[in-house]
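The following account leads through selected side-chain interactions, taking them in turn. Please keep the sequence and the model in view while reading.

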Amino acid sequence: DKKAAHASNHEQYLKHYEAGLRLMQEGKYDKARAEFEKLPSDAPAQIRDRTLLHMAACDRQAQSVEVSFASTEERYDFAVVLLNDGNYEDAREHLEAILADKQDADYAHYGIAVLNSVTGQAEECLQHLSRAIELNPLNRLQARRDTDFTDMADDPRFTELLYPEIY
């Protein structure tokens, strides 16, 4: 029936529109713009007009958000802030960029290990934590006290990595 189809279309318009707004609030302007672009051309004029305004705002924000760092340590600090805010995708992007420039950056391996722990990626967590400890043994002591590894505590490989003297 025509009424049901119209209601379904309206729900789709709102879904994309609200997703775009949410992404804008999170500062993910490229992704927000992509979500707004999913709105079909037959969306109601009111939604279409607002969408065009939001897309223009996304374009402006995306251009002004170019972040530059004086050092890899500064970039790492920024990644940690993103990680602590739950912005895991962007945190991973920055941590991986650090490793692309500086493969032996133990702190970046440690950061990715933390990120993988909080996102439930045990294998990747162990790989990066192992490398971080290999590069700087003090990371083992830090990891023993780091509550971000709580989810890994029951994994015997994690315990063995942090307490090799027992094994």
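Contact here means that heavy atoms lie within 4.5 Å. The model is a predicted one, and the description begins with a histidine and its surroundings.

With residues up to four places away in sequence not counted, H128 touches L99, H109, I112, A113 and N116. H128 itself belongs to helix α7, which spans residues 122–135. One of the residues that H128 touches, H109, also meets H128 through a polar contact: the two side chains are joined at 3.0 Å. Is H128 buried or exposed? Its relative accessible area is 19%, and buried means under 20%, so H128 counts as buried.

A second histidine, H16, is located in helix α1, formed by residues 2–25. The relative accessible area of H16 is 13%, so this residue is likewise classed as buried. When neighbours within four places in sequence are set aside, H16 is in contact with E35, K38 and L39. With E35, the side chain of H16 forms a polar contact, side chain to side chain, at 2.6 Å.

Attention now turns to the charged pairs. How many salt bridges does a search of the whole structure find? The search yields 11. Among them is the pair of E26 and K28, whose closest N and O atoms are 3.4 Å apart. E26 has a relative accessibility of 43% and therefore counts as partly exposed.

Another of these interactions involves R33, which forms a salt bridge with E37, the closest N and O atoms being separated by 2.3 Å. Both residues lie in helix α2 (residues 29–37); because R33 and E37 are four residues apart there, about one helical turn separates them. R33 is partly exposed, at 23% relative accessibility.

R33 also forms a salt bridge with D59, and here the closest N and O atoms are 2.5 Å apart. Which parts does this pair tie together? R33 is in helix α2, whereas D59 is in helix α3 (residues 45–64), so the salt bridge ties together parts that are 26 residues apart in sequence. D59, at 29% relative accessibility, counts as partly exposed.

Taken together, R33, E37 and D59 are linked in a network of salt bridges. Within this network, R33 pairs with E37 and with D59.

Definitions and conventions:
Residues are numbered from 1 along each chain as its sequence is written. This is a predicted model: local features need pLDDT of at least 70, side-chain atom pairs count only at pLDDT 80 or more; totals for chains, interfaces and linings use all residues. Side-chain values use heavy atoms; hydrogens and water are left out. Helices (H or I, at least four residues) and strands (E, at least two) are DSSP runs, numbered from the N terminus. Buried means under 20% relative accessible area, exposed over 50%, partly exposed in between (1.4 Å probe, protein chains only). A polar contact is a pair of N or O atoms within 3.5 Å; within protein, one must be able to donate a hydrogen and the other to accept it, and residues adjacent in sequence count only if both atoms are side-chain atoms. A salt bridge is a side-chain nitrogen of Lys or Arg within 4 Å of a carboxyl oxygen of Asp or Glu.
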